[in-house]
Amino acid sequence: MPVVESRCVVPVPVEVAFAVSQVQGPVRKRWDPFIRRQHLIGADAPAKGVRTFTVQRTGLRMESEYVSYNPPSNVGMKMTKGSWFFEKMGGGWRFTPVEGDAGRTLAVWRYNFTCRPAWLAPLAERIGVLVLQRDIDRRIAGFARGCTDPVVLAHVGAAPPA
């Protein structure tokens with residue numbers, strides 16, 4: 001199963017980094033270049049078991065479910081409905097304080113997937129790694145910008161980094 005991972009260090013404490021990662025609506029679009037639209041399904045807040053509907057910037061649609069939700073350290077998701085070419089897809093975002101500096105956070109985002117049909121999977125998965133890696137790298141870079149965006153930080157009740 002192919003795996004892609006991106007990481008960055010952001011200049012905010014773990015609680016703030018986690019909160020930024022979970023914002024929804026227009027505030028989410030300030031930092032997340034991956035989404036065109038995203039909303040929770042039948043819930044007001046993220047939690048284990050809550051589903052999310054996402055339309056990616058290219059128009060692809062996916063429904064996912066939180067399989068873990070452990071503020072402020074991590075979240076995990078799995079695709080429940082999605083594009084015809086994904087057999088399975090899952091991901092996890094982990095947030096840990098930078099050793100010796102509780103005011104900074106290491107964010108590590110990891111995704112895994114398999115493609116279908118089986119006969120095409122070996123090629124599709126090699127291409128998928130390249131495309132998904134690019135998207136995740138852009139997305140985590142956007143997240144890092146969101147962690148310094150005064151509007152995003154005000155939305156989660158945090159002050160901009162000094």
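Are Trp109 and Phe143 buried or exposed? Select the two residues and take a look: both Trp109 and Phe143 are buried. Keep in mind on this tour that you are looking at a predicted model.

**Stop 1: a pair of rings**

Stay with Trp109 and Phe143 for a moment. A pair of aromatic rings is described by the distance of the centres and the angle of the planes. Here the ring centres are 5.1 Å apart and the planes meet at 50°, so this pair is called tilted. Now colour the chain by element: Trp109 belongs to strand β7 and Phe143 to helix α3, so the pair links distant parts of the chain, 34 residues apart.

Next, add Phe18, Trp31, Tyr66, Tyr69, Trp93 and Phe95 to your selection. Together with Trp109 and Phe143, they form one aromatic cluster.

**Stop 2: another pair, another setting**

The whole structure holds eleven aromatic pairs. One of them is made by Trp84 and Phe85, whose rings are edge-to-face, with 5.6 Å from centre to centre and 90° between the planes. Show the surface here: Trp84 is exposed, with a relative accessible area of 59%. Phe85 has a relative accessibility of 23%, so Phe85 counts as partly exposed.

**Stop 3: the nonpolar core**

Which residues touch the most other members of the largest nonpolar core? Select Val20, Trp31, Met89, Phe95, Trp109, Tyr111 and Phe143, and you have them, out of 38 residues in that core. Helix α3 supplies the largest share of this core, with six residues.

Val20 leads you to helix α1, which covers residues 14–21. This helix is mostly covered, since six of its eight residues are buried. Those buried residues are Val14, Val16, Ala17, Phe18, Val20 and Ser21.

**Stop 4: the largest pocket**

Rolling a probe the size of a water molecule over the atoms shows where empty space is left. In this model, the largest pocket has a volume of about 760 Å³. To find the place, select Phe34, Met62, Met89, Tyr111 and Leu132, which lie nearest the pocket's centre among its 42 lining residues. The elements that give two or more residues to this lining are β2, β3, β4, β5, β6, β7 and α3. Which of them gives the most? Helix α3 does, with nine residues. By type, the lining divides into 20 nonpolar, 15 polar and seven charged residues.

Tyr111 deserves a click of its own. Leaving out residues up to four places away in sequence, Tyr111 touches Pro2, Val3, Val4, Met77, Met89, Gly90, Gly91, Trp93, Leu132, Ile136 and Arg139.

**Stop 5: two single residues**

Go to Gln56 in strand β3, which spans residues 51–56. Is Gln56 buried or exposed? Its relative accessible area is 8%, under the 20% limit, so Gln56 counts as buried. Not counting neighbours within four places in sequence, Gln56 is in contact with Phe34, Ile35, Arg36 and Asp135.

Finish at Lys88, which you will find in strand β6. Draw a distance from its C-alpha atom to that of Val3: the two are separated by 12 Å, while the residues are 85 places apart along the chain. Now show what surrounds this residue. With residues up to four places away in sequence set aside, Lys88 touches Met79, Asn112, Phe113 and Thr114.

Definitions and conventions:
Residues are numbered from 1 along each chain as its sequence is written. This is a predicted model: local features need pLDDT of at least 70, side-chain atom pairs count only at pLDDT 80 or more; totals for chains, interfaces and linings use all residues. Side-chain values use heavy atoms; hydrogens and water are left out. Helices (H or I, at least four residues) and strands (E, at least two) are DSSP runs, numbered from the N terminus. Buried means under 20% relative accessible area, exposed over 50%, partly exposed in between (1.4 Å probe, protein chains only). Contact means heavy atoms within 4.5 Å. On a 1 Å grid over the protein atoms alone, a cavity is a set of points where a 1.4 Å probe fits but cannot get out, and a pocket is an open set with protein on both sides within 12 Å along at least five of seven lines; lining residues have an atom within 4 Å of a point. Grid points are joined across faces, edges and corners, and a volume is the space filled by probe spheres set on the points. Ala, Val, Leu, Ile, Met, Phe, Trp, Tyr, Cys and Pro count as nonpolar, Asp, Glu, Lys and Arg as charged, and the others, Gly among them, as polar. A nonpolar core is a set of buried Ala, Val, Leu, Ile, Met, Phe, Trp, Tyr and Cys residues joined through side-chain atoms within 4.5 Å. Rings of Phe, Tyr and Trp (its six-membered ring) pair if their centres lie within 6.5 Å; planes under 30 degrees apart count as stacked, over 60 as edge-to-face and the rest as tilted.
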